[in-house]
Amino acid sequence: MKICVLGSGSSGNAIYVADGDCGILVDAGLSRREILARLGQIGVRIERVAAVLLSHEHEDHVRGVAALQRGRCVPVHLNRLTAVGLMDRGVPSGSFRFVTWPIATPEPREVIAPDACPLPRIRSAVVSASIPDVQKNVS
């Protein structure tokens with residue numbers, strides 16, 4: 001499994017997680033241009049991103065989501081509150097896939113993102129990277 005932090009902090013959060021040739025973005029808080037450039041620095045083309053998994057709707061986690069939809073419809077895995085926040089900003093909801101996870105728990109929990117997600121299980125600790133005191137274990 002490959003895990004690359006593309007950005008972390010108030011200026012934008014994005015993590016690329018892959019197993020083999022296919023991967024997902026956990027959060028897309030950078031601009032499309034920045035996401036493409038940082039993926040390029042690790043040798044990954046945007047076509048290898050099969051899905052986006054969003055932790056929550058804050059701008060530093062979702063800034064690039066709408067722009068990533070240009071040219072292809074990448075499934076966006078998120079909870080309903082995050083979806084409402086994105087729709088309020090005009091992000092089209094056609095690519096949304098709803099998942100449920102316990103975000104603010106100290107123990108790792110599995111997130112199962114169905115459909116197009118190439119990684120059937122990742123720990124919510126990765127999703128919750130910006131929440132303090134959460135173990136950051138990945139299976």
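In the predicted model, a salt bridge joins the side chains of Arg89 and Glu59, with 3.8 Å from N to O. This pair ties together distant parts of the chain. Arg89 sits in the loop between α4 (80-88) and β6 (96-98). Glu59 belongs to helix α2 (residues 59-62). The two residues are 30 residues apart. Arg89 is partly exposed, because its relative accessibility of 43% falls between the limits of 20% and 50%. Glu59, at 37% relative accessibility, is also partly exposed.

Glu59 has a further partner. Arg63 forms a salt bridge with Glu59. Here the closest N and O atoms lie 3.8 Å apart. Arg63 is partly exposed, with a relative accessibility of 35%. Glu59, Arg63 and Arg89 are thus linked in a network of salt bridges. Side chains of opposite charge can pair when their charged atoms come close.

Another salt bridge involves helix α1 (residues 32-41). It is formed by the side chains of Glu34 and Arg38, at 2.7 Å from N to O. Why are Glu34 and Arg38 separated by about one helical turn? They are four residues apart in helix α1, and so about one turn of the helix lies between them. Glu34 has a relative accessibility of 30% and counts as partly exposed. Arg38 has a relative accessible area of 26% and is partly exposed. In the whole structure, the search finds four salt bridges. Among them are the pair Glu34 and Arg38, the pair Arg63 and Glu59, and the pair Arg89 and Glu59.

Helix α2 also holds His61. Is His61 buried or exposed? His61 is buried, because its relative accessibility is 3% and the limit for a buried residue is under 20%. The side chain of His61 makes a polar contact with the side chain of Asp27. The contact spans 2.6 Å. Helix α2 therefore contains the buried His61 as well as the partly exposed Glu59.

Technical notes:
Residues are numbered from 1 along each chain as its sequence is written. This is a predicted model: local features need pLDDT of at least 70, side-chain atom pairs count only at pLDDT 80 or more; totals for chains, interfaces and linings use all residues. Side-chain values use heavy atoms; hydrogens and water are left out. Buried means under 20% relative accessible area, exposed over 50%, partly exposed in between (1.4 Å probe, protein chains only). A polar contact is a pair of N or O atoms within 3.5 Å; within protein, one must be able to donate a hydrogen and the other to accept it, and residues adjacent in sequence count only if both atoms are side-chain atoms.
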